[in-house]
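Subject: Structure handover

Hello,

Here is the structure I promised to pass on. My notes on its pockets and on one of its sheets follow below.

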Amino acid sequence: MIRAYRGDIVYSADKDELRVFDDSYIIVKAGKVLEITKKLPQEYKNLEIIDHSGKMIIPAFSDMHLHASQYYQRGVGMDRLLLDWLNDYTFPQESRFEDMGYAERAYDLFTEDLINHGTLHASIFTTIHYEASDYLFNLLERKGLYAYVGKLNMNQNCPPSLRENTKDSILDTERFILEHQGGKTVSPIITPRFAISCTEELIQGLGSLVKRYKVPVQTHLCESEEEMRTVSTLFPEYSYDSEIYLKYGLIGNSLSLMAHCIYLDEKDIKVLNSHGGVAVHCPDSNINVTAGLMPSASLADTGMNLTLGSDIGGGHDIPIYRAVARAVQVSKIRVQLGLDQRKLSLTEAFYFATRAGGECFGEMGAFDQGYHFNALVIDDERFRGLEIGISDRLERFCYIGDDRNIIARYVDGKLLD
Ligand SMILES: [Zn+2]
């Protein structure tokens, strides 16, 4: 099946370049991009044309770090520091996912809102609960989203209701991998919450699973100074925070998504860059729990792979286009404080949110030939009045748009309901 989608097309060529095609056609065959053309070639003149003239066609967004189980609690407890916020709000909330009725309601709402806001690729934390995690996995697969879903591992420094037995935690994770490997669009991901909540024995066991099954990994790294002080007390023999993950193979064997990365040591930067680690910048969350301001522009200049995350519910807002704007704002504050030499451009932040995130799942997040046609159609008619070009319209959507502007969502060329 070949179709042509007409509109104002824009996507990232790389982190410093937007490709913009005014009133053009994307030709899509079997869900993948064949070419972008200003005029339809003769051979395509009888094609079905999906006409989005005057609207922007952009790649789907990728949220590379968020907690589906915290969706209900977003915007609550925002006066707490990270560890108090976890103890006072998050752990009691996560304990409720033993109740499948509760889990289903929460995950249904979460998934609906994720799709509404155009996040069609996501790397998601659940809780320690197998059945609830299985439910979310199957729901996302049924909806056709591309996602990684990680059943959480946690065996210390948490309430008894959330504390796993080490052996069971590893066995349950292996079962989750075996029962979910080979999913069409959703895959399992190893998910130790953070070093504070995992013993060395657990991290070692999870590393063995990474090596055996070549599954990706997601966790939190260098998020707040308080967290890092606790990690160095718990693991005094390690000199930098990513060392324990490197030692046991959670970095270097597959995709490693490291959320926050605000206070990376020189050695951490070297480890991540030499093993293709991906730092996930979550600006809203970092501000809300007073974790800090990520040095995103400086890290990008070291060659680090950066992506964006909403970090629901440390972050209060699920739209990743808003995280694009926030990442730029935070980078400006760092420059004003003399902490960084330069700010992020909108082009860079949009790249993190689309192409850089999408490519963690395969050829997604852009419209190069062969890439999956995972796309959003943005109707910004109600903002008109100013004569501006497509890249300015894209910036405006990131700052002031919302789900009302997203009038169609495609995955592999298929329109989502
Ligand atoms: Zn998080």
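A pocket here is an open set of grid points with protein on both sides within 12 Å along at least five of seven lines, and a residue counts as lining the pocket if it has an atom within 4 Å of a point. Please keep in mind that this is a predicted model.

Largest pocket

With that definition, 16 residues line the largest pocket. Those nearest its centre are R142, K143, G144, K414 and L416. The space in this pocket comes to about 360 Å³. Two or more lining residues come from each of α2 (100-116), α3 (130-143) and β16 (406-411). Of the elements, α2 gives the most, with four residues. By residue type, the lining has nine charged residues, four polar and three nonpolar.

Where does the largest pocket lie with respect to domain 1 and domain 2? It lies between them, because domain 1 (2-60 + 366-415) and domain 2 (61-358) both give residues to its lining.

Second largest pocket

The second largest pocket has a volume of about 160 Å³. Its lining is made up of 13 residues, and M304, N305, L306, Y351 and A356 are the ones nearest the centre. At least two lining residues are supplied by β14 (305-308), and at least two by α12 (346-358). For this second pocket, the lining divides into eight nonpolar residues, three polar and two charged.

A four-stranded sheet

The other item is an open sheet of four strands, in the order β5-β6-β7-β9, with parallel pairing. The edge strands, each pairing on one side only, are β5 (61-67) and β9 (186-188). On average, neighbouring strands in this sheet are turned by 20° against each other, with direction ignored.

The edge strand β5 runs parallel to β6 (residues 119-125), and five bridges join the two. One residue pair to look up is H67 and F125: F125, in β6, is the bridge partner of H67. The helix α2 packs on this sheet and touches both β5 and β6. Its direction makes about 140° with that of β6. This is the same α2 that gives four residues to the lining of the largest pocket, so if you open the model at α2 you can follow both parts of these notes from there.

Regards

Note on methods:
Residues are numbered from 1 along each chain as its sequence is written. This is a predicted model: local features need pLDDT of at least 70, side-chain atom pairs count only at pLDDT 80 or more; totals for chains, interfaces and linings use all residues. Side-chain values use heavy atoms; hydrogens and water are left out. On a 1 Å grid over the protein atoms alone, a cavity is a set of points where a 1.4 Å probe fits but cannot get out, and a pocket is an open set with protein on both sides within 12 Å along at least five of seven lines; lining residues have an atom within 4 Å of a point. Grid points are joined across faces, edges and corners, and a volume is the space filled by probe spheres set on the points. Ala, Val, Leu, Ile, Met, Phe, Trp, Tyr, Cys and Pro count as nonpolar, Asp, Glu, Lys and Arg as charged, and the others, Gly among them, as polar. Domain bounds come from an automatic or database domain assignment. Two strands pair if DSSP finds at least two bridges between them. Axes are lines fitted to C-alpha atoms, for helices over the stretch in contact, and angles run from 0 to 180 degrees between N-to-C directions. Contact means heavy atoms within 4.5 Å.
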